[in-house]
Amino acid sequence: MPNLPRYLSLLSFISACTLTRIWAADAPAASPAPGTPEYDNAPRTDAPATAAALGPREWIDPDTGHRVIRISDEPNNQSLYFHYNSYTPEGDKMIFGAPSGIWALDLKTLGQGEPKLDWLVDGRNTAPAAAPAAPAGSGGRGGRGGRSGVSPLMAAFKSRDAYYTANGVLYAVNVDTKVSRIVTTGRPWGVNADETYVGSMINQVDPTGKVQPPTPPTLVPQRERMFGDKIKAGIPLTKDEEYAASKEDGLARRLLNPTSMAFIFTNLKTNASITAGYQYASIDHQQFNPVDPNLVLYAHEGTWHEVERIWTIRTDGSAQRLMYKRQMDMEIVGHEWWSHDGKTIWFDMQTPRSHDFWIGGVNIDTGQLTKYHIQRNWWGVHFNSSRDNTLFASDGGDPTQVAFCQDGEWINLFRVQPDGSVTREKLVNLSKNNYVTGQGGIEPNVTITPDNKWVVFRANMEGGIVHAYAVEIGGDPAKISKPEKFVATN
């Protein structure tokens, strides 16, 4: 039988992450005075604390030959969740969060001595004195890990601003001047490409009555759905397979009585809002297109092999449509993200689940599907792409994840080949990282820097404390790990 406390802890974590995709502040910060559109929240002179027992700031991974740099020594600093934009339009800076507030990393000098960091917003000493500290290594897909009064949301697609929340207010800070301004109240999940709209969610039934709840499905126990052939053959399930089935049973229950949800799109110039896109579903992964200011990508959460997951909608409520329909039983697609040019939705694809693995992408105008075949141990919880779509990265996974990788705890780089295949190169050994979210673990959440020189991720591989890292894509050809070509094994 699966470990029940372990399962309940993880289920509670997944539910919380579905309801809150942004980095909501753990404790309120003092609001600026009413009528003050700008204010100086620049950091104070005293530096944040650093961990006492850390190794060198940079090193060569002995298993891959690639150089790894810890971005900051402050405990529980983290890069953003993988589909949030963390880079300035010019590609010279990357924003990230820490218990001390919001920081920017200088990418132009990365690798030339100690990382150059700019402290943009001071988020310390804003919580009540009695507030308990977060456990070391805590934080999942979005959070900072430690506590701060400010929570980074994303970097703007076109301007030099970075957006963050504090005390129920959305702010923007200029990464050069470090001056903040009030944008709007609330904690939206994103800001659009030209910074004229923000999006948020509401639980509300369609007042016109046109959108009605679906007929509840008949749910089959996930042990049978996922491992029916083994069960019929009398083959006992492994502990990891039992655990995976128990997680999916919890997700499947969302399909029995889904909540009616809708989008709220607020015009930042007029402060007018519209409510649109009523649907009975667990909506997640909302993200504005990086080019088209009126297009939104979002997901239906649940058991991926039983939901049609990937959808888009426009900010006026029109063109709500399914972007990829599953073609076989137990097929899954998920953890979707926009290409930098806004033309493709990329995603993790398995045909069927846990058997055959791809990086998939659908063109939003033509519907054309692109598929890059990968091996089981190349899979990652999250994938991401370079700005020119020539490189992809994955953050790996342990044996409890959907791919059941036995040697999958790596940061991986994929290079697109002329024949439509990809090669894989190991960048970082993450065997010391705890991947199990809800049990002190963290998912690394890779992104590729705009200059294609680094892969950024987060991990708790140094003593269980979360840090953000950058691994160099290049290096000494005689020392770095050699690219692997795909050999079908499934």
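In the predicted model, Phe-263 has a relative accessibility of 0% and therefore counts as buried. Trp-189 also counts as buried, because its relative accessibility is 5%, and buried means under 20%. A pair of aromatic rings is described by the distance of the centres and the angle of the planes. For Trp-189 and Phe-263, the ring centres are 6.3 Å apart and the planes meet at 80°, so the arrangement is edge-to-face, a class that requires planes over 60 degrees apart. This pair connects distant parts of the chain, with the two positions 74 residues apart in numbering. Trp-189 lies in the loop between strand 10 (179–185) and strand 11 (190–191), whereas Phe-263 belongs to strand 13 (residues 260–267). Ring pairs join both residues with Phe-265, Phe-288 and Tyr-298 in a cluster. Across the whole structure, the search yields 18 aromatic pairs.

Aromatic rings also take part in arrangements with charged side chains. The charged end of Lys-371 is placed over the ring of Trp-358, at 4.0 Å from the ring centre. Likewise, the charged end of Lys-426 sits over the ring of Trp-410, and here the distance to the centre is 4.2 Å.

Strand 13 is part of an open sheet of four strands, whose order is 11-12-13-14 and whose pairing is antiparallel. Strand 11 and strand 14 (273–280) each have a single partner strand, so they stand at the edges, and one side of each has no neighbour in the sheet. Strand 11 runs antiparallel to strand 12 (residues 197–203), to which two bridges join it. Gly-190 has Gly-199 in strand 12 as its bridge partner.

The helical part of the description concerns helix 2 (residues 222–232) and helix 3 (residues 239–252), which pack at an angle of about 145° with their axes 7 Å apart. On the side of helix 2, the contact involves Gln-222, Arg-223, Met-226, Phe-227 and Lys-230. These residues meet Glu-241, Glu-242, Ala-244, Ala-245, Glu-248, Asp-249 and Ala-252 in helix 3. By class, the contact contains five nonpolar, one polar and six charged residues. Within helix 2, Gln-222, Met-226, Phe-227 and Gly-228 are buried, and the buried residues of this helix pack against helix 3. An α-helix has 3.6 residues a turn, so residues three or four places apart point the same way. After helix 2 comes Gly-234, which has a positive phi near 75°.

Technical notes: Residues numbered from 1 in each chain as written. Predicted model: local features only at pLDDT ≥ 70, side-chain atom pairs only at ≥ 80, totals over all residues. Heavy atoms only, no water. Axes fitted to C-alpha atoms, helices over the stretch in contact; angles between N-to-C directions. Contact = heavy atoms within 4.5 Å. Nonpolar A, V, L, I, M, F, W, Y, C, P; charged D, E, K, R; others polar. Phe/Tyr/Trp six-rings, centres within 6.5 Å; stacked < 30°, edge-to-face > 60°. Buried < 20%, exposed > 50% of the residue type's maximum accessible area, 1.4 Å probe, protein only. Lys NZ or Arg CZ within 6 Å of the ring centre and 35° of its normal. Pairing = 2+ DSSP bridges.
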